[in-house]
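User: I am new to reading protein models, and I would like to learn how to look at one step by step. Could you take me through this one?

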Amino acid sequence: MTMWKCRVCGYVYDEAVGIPGSGIAAGTKFTNLPGGWTCPVCGVGTDAFDAVRSDDIHARSVTTVADVMAAELAAWDVRLIFGLPGTSSLGLVEAVRKNRDLRYIVFRHEANAAMAASAYSKLTGKAAACLTIAGPGATNLITGLYDAKEDHASVIALNGQSEAQYTGPGGIQEIDQDALFRPVTVYNNTVASRDKAVLLLTRALKYSIVQRGVSQLSVPNNIQKEPLDAAFCTRESCIGSSAFVPTGERMTDAADRINAAKNPVIIVGWGAYASGPEILTLARTIGAPILTTFRAKGVLPEDEEWVLGILGNVGSPAARKIAEGADLLIVLGVGFSKFTNVPADRPMVQVDIDPLKLGINKLSVSLCGDCAAVIPLLLPRLQKKDAEDRRALVAWMKREWNEQRDREADGTTVPIRPPYIMKVLSEVIPEDAVIALDVGENQWWFGRNFRMKRQRFVMSGYLATMGFGFPAALAAKIAYSDHPVFCITGDGGFSMAMGDFISAVKYNLPVVVIVLNNRQLGMIRIEQMMERYPNFGTDLLNPDFAKYAEICGGAGIRVARPDELRPAIERAMAMGRPVIIDVETDPDRF
């Protein structure tokens, strides 16, 4: 059997394969093709084809570099790959298609794919992968990958690259991808030869998992397709756990400091999100109220007696007051962003896996380690305290804050006020749900007025990029298929990502999208007002989001009045398909 290559477009006719689905069976000689047959890609006749030597095009049965790389991803338990296929990544895409342990989720835009990968890692703690083409595919990934970098999510970016022999000025879709990805990554390289492919991939995986960041590998198109025997590949491995704890002396110093405190306060960040039960035990033992950063909202249900809510610009005045009045702050996995604004002059016991976050002031005792490992070792060293007065104070503060939020949630005004939307969502969204939150005014109202029970939620933390919420919701539904998933977003953020609503329909991902539609970039409008600028450039011309959902094959519901909101959410939850609830709000009503 011979292969014949078109001199115009490069299409290869393989006599051994024929053209499936066209009536030209496997084994049909090129010279026996029907009269008038033309290239199925560019339409030229048979006289534009040349016979190709067998060593010029590798047989389809040969195991390729891409095949071995795909198998290595699966062996490292990286099973989900988000992205778009294209010319420079076809070898990798074919390898993913053939590997039954891998699933390729094709998005309509690479930025959404990268945000979904970041969200998947934040929610599950596992690494996710992106796969797309050289040039524009790679550049489109950057925003989502930067989100992963800032929030310490493990993401592997695999990108095609122009064939090695074409590297240089004038290459189509060719850019310096090593330079592009350098500021975003903990590991960044190009596979220059097949014998290094597996070594570089396993090293990229190792860096991404251990350092909780982004790794990137560019793989030239021709190298992807070269034959490779996996048995002779050099590879690296990764330690099973990165948990470590401080020395006993440091633990004793921390326990002594906590035992001596009269008014301790616990502040919980994302780094301690997995330690909710242990944190509650700590609070009950020493009589300390629990405050959280925004990202750690929901580490414990907000109706727990010691949980006072968020410390920061969306939190309560009581949270700020009690933090500033503490004689010791027990700070667990906190990143110290300006929005949380932890009182930095207070004595502290800090626990963090990142030593660069420790030693915030000279009054702190620093414990370098994983909160999940450190807190259980710290608890037996602590003295049980009588804290009835503190318990009563926290209960009073919680009651005052809840009453204030109830007053804000006026259910009689039209258009619907955002605090009322959050009140209804708090009551209707099930406790086992996963919530993907976008950036913007909707985020402010969620942080302030949504009352978490046992739901999980995910957001774009330090990068704070609009458009994150919806792709994150798709990732959440893929990760937790048996849990209800909600996206809470604004009209500005959703319109940045709405092209992939069709992907939710395609992959049968029944997420419920609540769009707070005020026809404004509402947060920017408020920021202009606070800085005494006139309002400019924030008005939005929106489509009918409900009709858009229906056109895509999903369901759409318009909500204009407060009494319509609860039935709409309950109806959407029962549909078992992707739904957009377009909620009419007003930027002038707070």
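Analyst: We will go from the whole chain to its cysteines and then to a single residue, keeping in mind that this is a predicted model.

User: Where should I begin, and how many helices and strands does the protein chain have?

Analyst: A good start is to list the regular elements and then to ask about overall form. In this case the protein chain has 20 helices and 21 strands. Its radius of gyration is 28 Å, close to the 25 Å that the globule rule gives for 590 residues, so the chain is as compact as a globular protein of that length. Along its principal axes, the C-alpha trace spans about 95 × 60 × 45 Å.

User: What share of the residues is buried, and what do the contacts say about how the chain is joined up?

Analyst: Burial and contacts are two ways of reading a fold. Here buried residues make up 54% of the 590 residues. If we take the contacts between residues at least 6 apart in sequence, 71% of them join residues at least 24 apart.

User: How do I read the surface and the charges?

Analyst: For the surface, one looks at the area and at the atoms that supply it. The accessible surface of this chain comes to about 25300 Å², and 52% of that belongs to carbon and sulfur atoms. As for charge, there are 62 positive and 65 negative side chains, and the centres of these two sets lie 2 Å apart.

User: How many disulfides are there, and why is Cys130 in none of them?

Analyst: The test is a distance, because a disulfide is a pair of cysteine sulfur atoms within 2.5 Å. By this rule the count comes to 0 disulfides. Cys9 is in no disulfide, and the nearest cysteine sulfur, that of Cys39, is 3.6 Å away. For Cys130, the closest cysteine sulfur belongs to Cys487 and is 19 Å away, which is too far for a bond. The two also make a lesson in exposure: Cys9 is partly exposed, with a relative accessible area of 34%, whereas Cys130 is buried, at 0%.

User: Now a single residue: where is Ala387 found, and is Ala387 buried or exposed?

Analyst: For one residue, we ask about its place in the chain, its cover and its neighbours. Ala387 is found in the loop between helix H11 (371–378) and helix H12 (388–408), and Ala387 is buried, with a relative accessible area of 10%. Leaving aside residues up to four places away in sequence, Ala387 touches Gly287 and Trp306. By contrast, Asp77, which is 310 residues from Ala387 along the chain, has its C-alpha atom 46 Å from that of Ala387.

Methods: Residues numbered from 1 in each chain as written. Predicted model: local features only at pLDDT ≥ 70, side-chain atom pairs only at ≥ 80, totals over all residues. Heavy atoms only, no water. Buried < 20%, exposed > 50% of the residue type's maximum accessible area, 1.4 Å probe, protein only. Helix = DSSP H or I, 4+ residues; strand = E, 2+ residues; numbered from the N terminus. Contact = heavy atoms within 4.5 Å. Rg over C-alpha atoms; globule rule 2.2 N^0.38 Å. Areas by Shrake-Rupley, 256 points an atom, 1.4 Å probe, with all protein chains shown as cover. Lys, Arg positive; Asp, Glu negative; His and termini not counted. Charge placed at Lys NZ, Arg CZ, Asp CG, Glu CD.
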